[in-house]
Amino acid sequence: MLDPVSGLYRKVGLLPGEQGTPKRKLRVHTDMVADMFHLGHVRYLKQCKELGPSDTVELVVGIHSDETVESYKRRPICSMLERIECVSVCKYVDEVVPCAPLDVSEEYMA
């Protein structure tokens with residue numbers, strides 16, 4: 001469900017470590033272009049990974065296709081495959097999803 005405060009999607013239920021629920025993985029999803037991958041990208045992904053205890057957070061990063069990016073700004077310098085490869089080796093990232101949509105929906109998150 002969409003959290004109205006943060007504007008982020010979150011599975012219904014308690015976060016890992018909160019009272020009253022067994023510890024479970026929290027899957028955090030973010031989308032990015034990641035063109036010319038740099039320290040600012042790494043710091044952002046680290047912040048996403050730190051939304052919960054490190055052993056309970058799975059960070060999933062969606063990478064926009066070249067065509068999607070070009071629909072709202074210039075074509076990326078690096079191809080989507082190059083951008084996926086750069087993001088996938090970042091130690092904070094657990095999974096990379098290609099061709100992520102600009103508009104995240106409940107259906108996409110499911």
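Which side chains meet in a salt bridge at 2.5 Å, N to O? They are those of Lys-49 and Asp-94, and the views below, all drawn from a predicted model, start with this pair.

**View 1. Lys-49 and Asp-94 join up across the chain.** Lys-49 sits in helix H1 and Asp-94 in the loop between H3 and E3, so their salt bridge ties together parts that are 45 residues apart in sequence. The two partners have different surroundings: Lys-49 is buried, at a relative accessible area of 12%, while Asp-94 is partly exposed, at 46%.

**View 2. The whole protein, for orientation.** Here you can pick out four helices and three strands. Starting at the N terminus, the elements go β-α-β-α-α-β-α. Of the 110 residues, 32% are buried. The protein exposes about 7200 Å², with carbon and sulfur atoms supplying 56% of that. Take the contacts between residues at least 6 apart in sequence: 61% of them join residues at least 24 apart.

**View 3. Inside the largest nonpolar core.** This core has 17 residues, and the ones that touch the most other members are Leu-45, Leu-59, Val-61, Ile-63, Val-87 and Val-93. At least two core residues come from each of strand E1 (26-32), helix H1 (39-49), strand E2 (57-63) and helix H3 (80-88). E2 is the top contributor, with four. Have a look at Val-93: leaving out residues up to four places away in sequence, Val-93 touches Leu-45, Leu-59, Val-61 and Val-87.

**View 4. Helix H3 and its two sides.** Met-80, Arg-83, Ile-84 and Val-87 are the buried residues of H3. They share one side of the helix, because they cover an arc of only 100 degrees around the axis. That buried set packs against E2, helix H2 (66-70) and strand E3 (95-98). Turn to the face pointing away from the buried side and you meet the exposed residues Leu-81 and Glu-85.

**View 5. Two buried histidines.** His-64 belongs to the loop between E2 and H2 and is buried, with a relative accessible area of just 5%. Setting aside neighbours within four places in sequence, His-64 has contacts that include Asp-31, Met-32, Val-33, Met-80 and Arg-83. Pro-101 and Leu-102 are also among the residues that His-64 contacts. The other histidine here, His-41, is part of helix H1 and counts as buried too, at 14% relative accessibility. Not counting residues up to four places away, His-41 touches Met-32, Ala-34, Asp-35 and Met-36.

**View 6. More salt bridges.** The structure has nine salt bridges in total. In one of them, Arg-74 pairs with Asp-35, with the closest N and O atoms 3.2 Å apart. Arg-74 is in the loop between H2 and H3, and Asp-35 in the loop between E1 and H1, so this pair links parts 39 residues apart in sequence. Arg-74 is partly exposed at 49%, whereas Asp-35 is buried at 12%. Another bridge connects Lys-46 with Glu-50, at 3.8 Å between the closest N and O atoms. Lys-46 is partly exposed at 34% relative accessibility, and Glu-50 is exposed at 51%. There is also a network of salt bridges that links Asp-66, Glu-67, Glu-70, Arg-75 and Arg-83.

**View 7. Two cysteines.** Cys-48 is buried, with a relative accessible area of 8%. Cys-90 is buried as well, at 9%. How many disulfides does the structure hold? The count is zero.

Note on methods. Residues numbered from 1 in each chain as written. Predicted model: local features only at pLDDT ≥ 70, side-chain atom pairs only at ≥ 80, totals over all residues. Heavy atoms only, no water. Core = buried A, V, L, I, M, F, W, Y, C linked by side-chain atoms within 4.5 Å. Buried < 20%, exposed > 50% of the residue type's maximum accessible area, 1.4 Å probe, protein only. Contact = heavy atoms within 4.5 Å. Disulfide = S-S within 2.5 Å. Areas by Shrake-Rupley, 256 points an atom, 1.4 Å probe, with all protein chains shown as cover. Arc of directions from axis to C-beta. Salt bridge = Lys/Arg side-chain N within 4 Å of Asp/Glu carboxyl O.
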